[in-house]
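Reader: I am new to this structure. Please show it to me, and then let me ask how each label was earned.

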Amino acid sequence: MSNDVMPPPHALVSGASIAGLSAAYWLRRTGWEVTVIERAPAFRDGGQNVDVRGVAREVLKRMGLFDAVKALNTTETGAVFVDGRGRVTAELPAGPEGATAELEILRGDFARAILDHLPPGVEIVYGDTITGTTEDDGSVTATTASGRVLRAELLVVAEGVRSATRDRIFGELVDRRPLGVNMVFGTIPRTAGDDDRWRWYSTVGGRQVHLRPDNHGTTRAILSYPRDEDLASLDRDQALARVRARYTGAGWEAARVLDGFDTSEDVYVDHLTQIRMPTWHRGRVCLVGDAAWCVTPMGGGGASLALTSGYVLAAYLSSTDTGPEAGTGTEAALAAYERWMRPLVDSVQKLPPGVVRAAYPRTRLGLALRTMVVKALTSRLLAPLAERFTHVAGTDRPLPPIA
């Protein structure tokens, strides 16, 4: 009788942010060998506010990270609309699921919290990226830019909205839907006038300025406006020059933010684009997080969906109970993962008709009308209705069990 023991299956995860690290955490917890490939030369700190909502709060508790993430709170206590003089015109609902969530944290802090609690045995390779894949005999082989050849039973693509690996493997199935909105994010010096609230300013031309406190002694800033031009396709200097021209005469703190972005080390430019796909798996390859379904900040809940996807993926891969029509094996588990996640993603991704125009009024009349609507929705009478807009990534379905 042979005493040979089958080695554990190997999973290759491409991308070391929230979705990729969540997948790595749960796959390792369920017995997989895990290698994470990250194109950045080192862990990427920084980034803007994300939050943990809905079912993702339960996932965080199962990871034993709820208190650790709460302790890394950005210090933000609420969200307000302001006018050109910084005077508050309306205040958004507060509370655990309000505009400022109970678990409000910077992207980099969130990802590092997961990284620091990965089970022993997860290998992370920085400064490399997948350049090609082949599948045969129940496995997938990936080659990387540095010349590595990695063979695994599963490839998890967690590379974000502009994933090159996803595009190579899924090709025509990737449906990009630009929302016609540019956002520029960055960290700027904190001033005495900054407080513990998210302050949101809008002016003509659909231009917005956002200032948010953080727990690092600085201020996170966003400039956002509707425009079909894709700033993300330009280099940093070109993009910031376009934005500076766009924000001429915008008022409030716009000039301060632009000056701060000139020297900020973590400016990020994005042309908001949803990703819609008929399937998130093919053979031994699956997609998680923004690579599969980018909901954009307009939908919200991206970090919560990313965290949840890693858990659900590992749960079905650990279980033989993948549903009556699924069959057996890894591909059946991937199909079950997708069936569980799809309704949750759809509920966040479906934006109300006209939401961009409503969020970015371009005329003084439009601004006045939106201010009236916001004041009405945040009044004591209608506040419960307004709170529904910030309840994302919620479901009545129980999470699938880890076998």
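Author: Go ahead. Keep in mind that this is a predicted model.

Reader: Why is the contact of Trp 26 and Tyr 311 called edge-to-face?

Author: Two values decide that. The ring centres of Trp 26 and Tyr 311 lie 4.8 Å apart, and the planes meet at 90°. Pairing needs centres within 6.5 Å, and edge-to-face needs planes over 60 degrees apart. Both conditions hold, so the pair of Trp 26 and Tyr 311 is edge-to-face.

Reader: What does this pair tie together?

Author: Trp 26 sits in helix α1 (residues 18-29), and Tyr 311 sits in helix α10 (residues 302-317). The pair therefore links parts that are 285 residues apart in sequence.

Reader: How many aromatic pairs are there by this rule?

Author: The count is eight aromatic pairs.

Reader: What makes β5 and β16 edge strands?

Author: Look at the order first. The open sheet has seven strands and runs β5-β4-β13-β14-β15-β12-β16, with mixed pairing. β5 (88-91) and β16 (268-276) each pair on one side only, and they are the edge strands. On average, neighbouring strands of this sheet are turned by 25° against each other, direction ignored.

Reader: How do you know that β12 and β16 pair?

Author: Count the bridges. Two strands pair if there are at least two bridges between them. Strand β12 (residues 175-189) and β16 have eight, so they pair, and the sense is antiparallel. One of the contacts is easy to find: Phe 185 has Tyr 268 in β16 as its bridge partner.

Reader: Which helix lies across β12, β14, β15 and β16?

Author: Helix α6 (residues 236-246) does. It runs at about 75° to β15 (218-226).

Reader: What is the order of the three-stranded open sheet?

Author: The order is β8-β9-β10, and the pairing is antiparallel. Its edge strands are β8 (130-136) and β10 (149-152), each pairing on one side only. Here the average turn between neighbouring strands is 20°, direction ignored.

Reader: What makes β8 and β9 a pair?

Author: Six bridges join β8 to strand β9 (residues 139-144). The rule asks for at least two, so β8 and β9 pair. Thr 134 has Thr 141 in β9 as its bridge partner.

Reader: Now the empty spaces. How many cavities of 30 Å³ or more are there?

Author: Two cavities reach that size. The largest has a volume of about 40 Å³. The second largest has about 30 Å³.

Reader: Why is it called a cavity, and what surrounds the largest one?

Author: A cavity is a set of points where a 1.4 Å probe fits but cannot get out, so it is a closed space. The lining of the largest cavity includes Ser 17, Phe 43, Arg 107 and Tyr 126. By class, this lining has five nonpolar, one polar and three charged residues.

Reader: How does the lining of the second largest cavity divide by class?

Author: It has two nonpolar, one polar and six charged residues. Among its lining residues are Arg 190, Asp 194, Asp 195 and Arg 212. β14 (207-213) gives the most to this lining, with three residues.

Reader: Which residues lie nearest the centre of the second largest pocket?

Author: Val 82, Asp 83, Ser 202, Leu 367 and Thr 371, out of 15 lining residues. This pocket holds about 280 Å³ of space. The largest share of its lining, six residues, comes from α13. The lining has seven nonpolar, five polar and three charged residues.

Conventions. Residues are numbered from 1 along each chain as its sequence is written. This is a predicted model: local features need pLDDT of at least 70, side-chain atom pairs count only at pLDDT 80 or more; totals for chains, interfaces and linings use all residues. Side-chain values use heavy atoms; hydrogens and water are left out. On a 1 Å grid over the protein atoms alone, a cavity is a set of points where a 1.4 Å probe fits but cannot get out, and a pocket is an open set with protein on both sides within 12 Å along at least five of seven lines; lining residues have an atom within 4 Å of a point. Grid points are joined across faces, edges and corners, and a volume is the space filled by probe spheres set on the points. Ala, Val, Leu, Ile, Met, Phe, Trp, Tyr, Cys and Pro count as nonpolar, Asp, Glu, Lys and Arg as charged, and the others, Gly among them, as polar. Helices (H or I, at least four residues) and strands (E, at least two) are DSSP runs, numbered from the N terminus. Axes are lines fitted to C-alpha atoms, for helices over the stretch in contact, and angles run from 0 to 180 degrees between N-to-C directions. Contact means heavy atoms within 4.5 Å. Rings of Phe, Tyr and Trp (its six-membered ring) pair if their centres lie within 6.5 Å; planes under 30 degrees apart count as stacked, over 60 as edge-to-face and the rest as tilted.
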